[in-house]
Amino acid sequence: MLEEFEGHSEGRMRIRCRAIVKGNDEGEALVTKQPINFLTMIDLKSGIVKDAKHELYKKNIANKVLVFPNAVGSSVGAYSIYALKGSRVAPKAIVCKKADITTASGCAIANIPLVDSPESDVFAIKSGLTVKVDAVVGLIEIGEK
Amino acid sequence: MQLTSDEEKALKGERGEALATAYRILLAIGEATEAKKLVPITWAHVSGVNYNTIGDSGVEFLEKLSKDGRVAVKTTINPMGFDAVKVNSLKLNKEFIAKQNRIVSAYERIGVTRSFTCIPYEVFDLPSKGTDVSFAESNAAVYANSVAGLRTNKESALSALASSLTGKAPYSELRVEELRKPNVGIRVNYELDNEVDYGLLGYFAGKVAKNSVAFSGVENLSKRNAKSLSAALGTSGSCGMFTHEKTSEMIEFGKEEARKIRDELHTSEKGDVITLGSPQLGVDDLSLLADMVQGKKFRKRCLIFCARAAYEGAKKLGYTEKIEKAGAEMLCDCCTCLTPLIDRNEVDDVITNSIKGAYYLSNSNKVGVCLKSLKDIVREECA
């Protein structure tokens with residue numbers, strides 16, 4: 001069944017992963033190899049990364065498909081994810097290398113689809129490409145810009 | 001993760017929105033930690049009470065949840081931002097007080113016990129060994145697993161709250177016997193003298209261990225040193241438990257390792273204010289302190305954070321009178337971590353014997369920290 005999802009088809013690459021918080025959405029990818037501290041690094045009103053040391057500095061996570069390894073810092077960061085949703089600047093979906101409890105619980109209360117443990121390298125995805133996240137079967141599909 | 005049909009119904013919202021949210025949280029954490037099912041817990045201890053910790057988004061979330069969310073099991077809560085009785089005499093801004101009161105009201109509607117303590121294991125009777133609980137406060141989770149013989153993961157504010165509403169927790173990590181086995185061991189190769197030394201060891205261990213760590217050379221821990229060790233261990237990483245068994249891989253912890261950790265946390269040679277607590281002091285700690293300061297006076301402002309239950313107990317035994325006579329201010333319901341009572345516009349450096357306190361004073365309150373053992377604090381800062 002799942003083989004048909006692998007590899008390229010019609011210019012789209014598909015990567016199998018694990019569904020953590022169920023849901024589906026599609027948006028522009030924003031990719032970083034650096035962990036994120038939701039409590040301290042993100043402006044909760046605008047969704048802009050305010051930590052000057054982070055490689056996403058000044059980038060906006062609003063309505064993106066955010067791809068990062070995992071969250072770091074206090075588990076209270078889950079409330080920050082909830083606040084982003086309340087300000088309508090949350091990511092549309094999140095892809096983690098390994099979902100941590102802060103991201104998992106934050107996505108759960110904010111209803112943001114979350115997948116993790118991708119079977120191939122998601123950090124190779126270029127920011128700006130359209131990514132479709134299916135957090136029901138556990139699949140991401142990378143399309144054209 | 002497999003849910004029962006009742007759990008599925010609750011997840012779909014058939015038993016209210018709050019319970020559906022609670023199951024969403026447990027399901028997400030269960031999937032992330034590879035749990036196969038939920039297991040019953042008998043006691044939840046919830047963190048995320050201080051307004052300085054959870055902020056406006058926390059206030060909003062809790063108010064929404066408290067509309068129809070109710071506790072299913074005994075639920076105790078962490079310290080808040082101030083002493084509820086002394087609030088009017090403390091220098092706090094009105095907005096902070098109002099937001100803090102909204103948080104407390106929301107928790108009260110949910111039905112928690114107004115414990116405002118980070119040492120539930122010392123204030124409340126413990127269930128029998130092997131019982132599953134859900135403790136969010138990290139020092140309490142480590143102490144529960146390592147000293148009190150209970151089982152809990154190092155829960156987050158949200159997972160413990162979800163456990164409170166459902167009476168359940170994902171069966172994963174430290175709830176699974178095989179996963180409680182330490183994956184790294186630490187051999188302590190010098191004699192630890194006081195609670196600061198035990199804290200330095202804990203902080204070191206938290207950096208190198210994952211779920212569980214084995215110590216050799218620190219058997220026969222006193223409760224005071226176990227509290228300090230647990231709190232520091234819970235601060236520096238994800239490790240939620242220590243044991244005293246042998247492991248194949250042993251890392252050395254000597255004076256050099258201790259010095260490196262101390263250099264990281266001890267950022268000042270002096271301090272304007274002394275804080276004792278983090279974790280809060282219990283009756284035994286207050287008894288010891290009362291003896292040490294009898295007939296002496298603190299030369300500086302000294303804030304002593306204790307559980308209200310401990311304060312009331314110590315008062316009956318005459319300890320609080322001795323401590324207050326020495327000039328210290330005793331504060332209940334709150335603690336050193338993220339306290340609004342230490343403002344860097346007024347305080348440059350703080351003296352404390354708490355490694356956990358040192359970490360938060362430095363990183364959250366942004367003040368300098370002078371680490372000293374209680375014995376040295378009394379010797380050098382009292383006359």
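**Close-up views of a two-chain predicted model**

**View 1. Glu173(B), a buried residue in a loop.** Glu173(B) has 22 other C-beta atoms within 10 Å, so it counts as buried. Keep in mind for this and every other view that the model is predicted. Where does Glu173(B) sit? Its place is the loop that runs between β5 (168–170) and β6 (184–188) of chain B. The backbone is worth a look too: Glu173(B) is not a glycine, yet its phi is positive, near 45°.

**View 2. Ser117(A), a positive phi in the other chain.** Over in chain A, Ser117(A) also has a positive phi, about 45°, although it is not a glycine. Look for Ser117(A) in the loop between β7 (114–116) and β8 (130–134) of chain A. Is Ser117(A) buried or partly exposed? It has 16 C-beta neighbours inside 10 Å, and therefore counts as partly exposed.

**View 3. The five-stranded open sheet of chain B.** Going across the sheet, the strand order is β12-β11-β10-β13-β14 (chain B), and the pairing is parallel. Which strands form the edges? They are β12 (329–332) and β14 (368–371) of chain B, each of which pairs on one side only. From one strand to the next, the twist averages 30°. Zoom in on β13 (residues 349–352) of chain B and you'll find four bridges joining it to β14(B), the two strands running parallel. One residue pair to pick out here is Val350(B) with its bridge partner in β14(B), Val369(B).

**View 4. A cis peptide bond at Pro279(B).** Staying with that sheet, this close-up goes to strand β10 of chain B, where Pro279(B) is found. The peptide bond between Ser278(B) and Pro279(B) is cis, with omega at about -5°.

**View 5. Helix α12(B) lying across three strands.** Helix α12 (residues 308–316) of chain B lies across β10 (273–281), β11 (301–306) and β12 of chain B. Relative to β12(B), the helix runs at about 130°. Which residues of α12(B) are buried? Arg308(B), Ala309(B), Ala310(B), Tyr311(B) and Ala314(B) are. An α-helix has 3.6 residues a turn, so residues three or four places apart point the same way. The cover over the buried residues of α12(B) includes α5 (120–123), α11 and α13 (319–325), along with β10, β11 and β12, of chain B. After α12(B) comes Gly318(B), with a positive phi near 85°.

**View 6. Where α11(B) meets α12(B).** Two packed helices are described by the angle between their axes and the distance between the axes. Here, the axes of α11 (residues 283–293) of chain B and α12(B) come within 9 Å and cross at roughly 45°. α11(B) and α12(B) are therefore oblique to each other, and their crossing is right-handed. What makes the contact? On the α11(B) side it's Val283(B), Leu286(B) and Ser287(B); on the α12(B) side it's Ala310(B), Gly313(B) and Ala314(B). By class, the residues of this contact are four nonpolar, two polar and no charged. Two of the α12(B) residues have turned up before: Ala310(B) and Ala314(B) are among those that are buried.

**View 7. The four-stranded open sheet of chain B.** This open sheet has the order β8-β7-β6-β9 (chain B), with parallel pairing. Its edge strands are β8 (242–243) and β9 (250–253) of chain B, and each pairs on one side only. Two bridges link β7 (residues 213–216) of chain B to β8(B), and these strands run parallel. Ala214(B) has Thr243(B) as its bridge partner in β8(B).

**View 8. The face that chain B turns to chain A.** In this view, 19 residues of chain B are in contact with 20 residues of chain A. Which elements of chain B give two or more residues to that side? They are α2 (17–32), α3 (51–65) and α7 (157–166) of chain B. Sorted by class, the side of chain B that touches chain A has eight nonpolar, eight polar and three charged residues.

**View 9. Asp343(B), in a loop of chain B.** Asp343(B) is in the loop between β12 and β13 of chain B. With 14 other C-beta atoms within 10 Å, Asp343(B) is partly exposed. How far is its C-alpha atom from that of Glu17(B)? The two are separated by 39 Å, and the residues are 326 apart along the chain.

Technical notes
Residues are numbered from 1 along each chain as its sequence is written. Chains are lettered from A and ligands numbered from 1 in the order in which they are written. This is a predicted model: local features need pLDDT of at least 70, side-chain atom pairs count only at pLDDT 80 or more; totals for chains, interfaces and linings use all residues. Two strands pair if DSSP finds at least two bridges between them. Axes are lines fitted to C-alpha atoms, for helices over the stretch in contact, and angles run from 0 to 180 degrees between N-to-C directions. Two residues are in contact if their C-beta atoms, placed from the backbone, lie within 7 Å. Ala, Val, Leu, Ile, Met, Phe, Trp, Tyr, Cys and Pro count as nonpolar, Asp, Glu, Lys and Arg as charged, and the others, Gly among them, as polar. Angles under 35 degrees count as roughly parallel, over 145 as roughly antiparallel, 65 to 115 as roughly perpendicular and the rest as oblique. A crossing is left-handed if the near helix is turned anticlockwise from the far one by less than a right angle, and right-handed if clockwise. A residue is buried if 20 or more other C-beta atoms lie within 10 Å of its own, exposed if 12 or fewer, and partly exposed in between; C-beta atoms are placed from the backbone.
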